[in-house]
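Biologist: I am new to this structure and would like to go through it step by step. Could we take the model in front of us and reason from one element to the next?

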Amino acid sequence: AVVSTQSTGRKRVLDSSKIKALDERQLLELLGEGGLSPEYMKIKDSDDFTFVKRNQGQACQSIEFIEDLSDNYFPRYVKNVVCVDTGFTCKPSDGSFSCVKTTIVKHVLKKDDRFALEHDDDSGKTEYYDLWKKHEIKIGVGCECSN
């Protein structure tokens, strides 16, 4: 496979086997402070989420599920919710109120497969790295009655 490289405006075709992956520490640095929310995001499938109490004793219940964004995203795993609405959950039950998912916007990194980051080290050797860009996603965090 080949990709175009992006640096100071010049582009060239490059064999993808020459592109180095960034490690977890470098990706966390790119994501920025506060980027990884352990309540809703995790890096590895084996990692645990930080527990958050949501909808305790509320009319609207939610079911949590783990979404695998693929290895083109960092962090890869995101906890999301689906609202459970029986039609009689919210009062009044005349259909004017229903359970609605509440969301937050978080940033993840998304790998750009079309470009690579070009870097010249101190010795003048050119190295190429995966290019990651910040990408906004909405995460369902709970459910509430709304009209």
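Biologist: At about what angle to β8 does α1 run?

Modeller: This is a predicted model, and in it α1 lies across three strands, namely β6, β8 and β9, the last of which spans residues 126-146. Taken against β8, the direction of α1 is at about 120°.

Biologist: Which residue caps the N-terminal end of helix α1?

Modeller: The helix covers residues 24-31, and the backbone nitrogen of Arg25 has a side-chain oxygen lying 3.2 Å from it. At the other side, just after α1, Gly32 takes a positive phi of about 95°. The oxygen that caps the N-terminal end belongs to Asp23.

Biologist: Why is one side of β3 and of β6 left without a neighbour in the sheet?

Modeller: The four strands form an open sheet with mixed pairing, in the order β3-β9-β8-β6. Because β3 (19-20) and β6 (73-74) stand at the edges, one side of each has no neighbour there, and each is left with a single partner strand.

Biologist: What is the bridge partner of Phe74 in β8?

Modeller: Strand β8, residues 98-120, runs antiparallel to β6, and two bridges join them. In one pairing across these strands, Phe74 has as its partner in β8 the residue Leu109.

Biologist: Which strands each supply at least two residues of the nonpolar patch?

Modeller: The patch lies on the surface, has an area of about 310 Å², and is made by Ile63, Phe65, Val82 and Val84. Of these residues, Val84 is found in strand β7. The strands that each supply at least two residues are β5 (61-68) and β7 (77-84).

Terms used
Residues numbered from 1 in each chain as written. Predicted model: local features only at pLDDT ≥ 70, side-chain atom pairs only at ≥ 80, totals over all residues. Heavy atoms only, no water. Polar contact = N/O pair within 3.5 Å; in protein donor to acceptor, adjacent residues only side chain to side chain. Pairing = 2+ DSSP bridges. Contact = heavy atoms within 4.5 Å. Axes fitted to C-alpha atoms, helices over the stretch in contact; angles between N-to-C directions. Patch = residues over 30% accessible without salt bridge, like charges linked within 9 Å, V, L, I, M, F, W, Y side chains within 5 Å. Areas by Shrake-Rupley, 256 points an atom, 1.4 Å probe, with all protein chains shown as cover. Salt bridge = Lys/Arg side-chain N within 4 Å of Asp/Glu carboxyl O.
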